[in-house]
Amino acid sequence: MSKNPIALLHVIILPYPARGHSIPLLHFAKHLHSLGVTVTYVNVFNHLSKDVFDMVDINATEEEEEEEEEEKVDQDHSNRNRSKSRRRSIRVVQLGVPPVQTKPVRSLPYVREVDTLVEATEEMMEKLFAENQAAPPACLVSDMFLGWTQLVANKFNIPRWVLYASPCRNLATFLHMPELVIQGHLPHIDPSKDNFLVHDIPGVPPTRIIDLPSPIMDHTHYEYDFYLRNSAQMHEATGVLINTFYELEPHYIDVLRKTDHLRWILPVGPMLPPIYFMSSAAAAVSNGGATQNKNNDHPCLQWMEKQPPASVVFVSFGSVAAFSIPQLHDLAMGLQESGQRFLFVVRRPAAAAASSGETMTEEDKDQLRRRVLEPLLPPEFTAHTEGRGFVQQDWAPQLSVLCHPAIAGFLTHCGWNSTLESICRGVPMLAWPIQAEQHMNCRFLVDDVKAAIEVQQSSDRRVTKAEVARAVKSLMTEDAGRVVRENVEKLRDLALKAVAKGGSSDNKVEEWICRYCNK
Ligand code: UDP
């Protein structure tokens, strides 16, 4: 085995089985591996398919392939070769049997099922400690919603680091949740207090109760307890690695470090594929990995090719959220009224569940069968928007779309991955949060970093077609749009610096590795 101290550092990465959580961790795993760390990545419930690993190009970078090729030539040392090439790839292990989702997904799949994985995880860890192919695990990096992994880490006497997949502003709120219960703000039972402002979350501006993560609005649901438990368990972790970068939110990071909730708060993001950090020209010609190649002939990209530079608004709401048909119609009519070019990803509720890798329930399948027959879009919509609008059903290659020179803006649900992807491509946003922590992300984007224009919602969270048209026109043609574009371009430059050699995120990753290598 190598005497290289970095290769002797063996990190176990345990993501939550939802793509919005697991794919950033896959990028992080790849980054650690490129620095020489030995990484075991756990594919919980086998929810990531081989396509995803191919997309992230996880097994071999070009450089590694060359080195492995050289090693294969050395026939006399075949055993040594095998152990070297094993060390060179990230090892992926399966954990848990894929469960059938029995309830429609609200914001996170598998909330009950992941809580049953303690024993299986302990068995997996025992095996990893027993084998002699790699160094023994030195630490566990696990998702913010896998709080019970703290027990596993304690049992094996290794530190647990949390991967927090949202901005630091939200982390401050998440950590404060047990206090919100003590102060009587949670559970939130009285709808007349929806707009009540919570004032004392450290460093965070007064926050409306209904802008807290949607699952904790309903104390009768399993997710309420799930959030609170995970918040409490996070307080026991050694530290938090956050998918953000210091320059994006220095205030929140500084305040949280001072309040000393946790020993370590390390911003190490954005955790994205390298193409997001290239110049537009380089991104446009780059192969950018396997998916990028496959996507080049995707119909929506072929349509983008025919549009003028910086002219198209991308309209997409992530992998889980879906609208009612009346809301979908108002959105479509608003896009039509705006007179602007758009690429519109339309998804049915059941399709959203399927595309996010969740198993469809019978109820979902029924709904899907009915909705295929029901018109998703208003009559004549396609005819009225022909030439300037493209409708993509269910799923678009977002990475390639945001890297395309024709992109001008992004109407988004403020999912944190979509937000970081937009920032890293310098694409200004229209913020239309729907659920989970997206309302808090919206406040951050609109109030703090001013990288988005808010799409105004009524008290029942509806958006009119007139409001859609207003917001799109404002982004594309008015001063407000110019301002957010300038702001997001500055943030993009800061993000690129943060992940470059010697940048703030790059330094934090190296510091983190050194902590364990110097042991
Ligand atoms: N995504 C995509 N195509 C789509 C919708 C989403 O590639 O049509 C990807 C997107 O690039 C992002 C992820 O799915 O990486 C969505 O994550 P996010 O945190 O934005 O939202 P969530 O799906 O978790 O609500």
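**Close-ups of a predicted model**

**View 1. Helix 1 against its strands.** Helix 1 (residues 19–34) lies across strand 1, strand 2, strand 4 (137–143) and strand 5 (160–164), and runs at about 165 degrees to strand 2. Contact here means C-beta atoms, placed from the backbone, within 7 Å. Helices (H or I, at least four residues) and strands (E, at least two) are DSSP runs, numbered from the N terminus. Axes are lines fitted to C-alpha atoms, for helices over the stretch in contact, with angles from 0 to 180 degrees between N-to-C directions. This is a predicted model, with local features needing pLDDT of at least 70 and side-chain atom pairs counting only at pLDDT 80 or more, while totals for chains, interfaces and linings use all residues. Residue numbers start from 1 along each chain as its sequence is written.

**View 2. The sheet of 7 strands.** This open sheet goes 3-2-1-4-5-8-9, with parallel pairing (strands pair if DSSP finds at least two bridges between them). Strand 3 (91–95) and strand 9 (264–267) are the edge strands, each pairing on one side only. From one strand to the next, the twist averages 25 degrees. Zoom in on strand 1 (residues 10–14) and strand 2 (residues 38–44): they run parallel, joined by 4 bridges. Val11 has Val39 of strand 2 as its bridge partner.

**View 3. The sheet of 6 strands.** Here the order is 12-11-10-13-14-15, again an open sheet with parallel pairing. Strand 12 (389–393) and strand 15 (452–454) sit at the edges with a single partner strand each, so one side of each has no neighbour in the sheet. The twist averages 20 degrees from one strand to the next. Strand 14 (residues 429–431) pairs with strand 15 in the parallel sense over 3 bridges, and Ala431 stands opposite Glu454 in strand 15.

**View 4. Helix 8 meets helix 20.** The axes of helix 8 (residues 168–182) and helix 20 (residues 438–448) come within 9 Å and cross at roughly 135 degrees. Helix 8 contributes Arg169, Asn170 and Thr173 to the contact, and helix 20 brings Met440, Phe444 and Asp448. Those residues divide into 2 nonpolar, 2 polar and 2 charged (Ala, Val, Leu, Ile, Met, Phe, Trp, Tyr, Cys and Pro count as nonpolar, Asp, Glu, Lys and Arg as charged, and the others, Gly among them, as polar).

**View 5. Around the ligand.** 16 residues surround the ligand, the closest being Gly20, Gly318, Ser319, Gly415 and Ser418 (C-beta atom, placed from the backbone, within 6 Å). Helix 18 (398–402) and helix 19 (416–424) are the elements giving two or more residues to this shell. Helix 19 gives the most, with 4 residues.

Note on methods
Contact = placed C-beta atoms within 7 Å.
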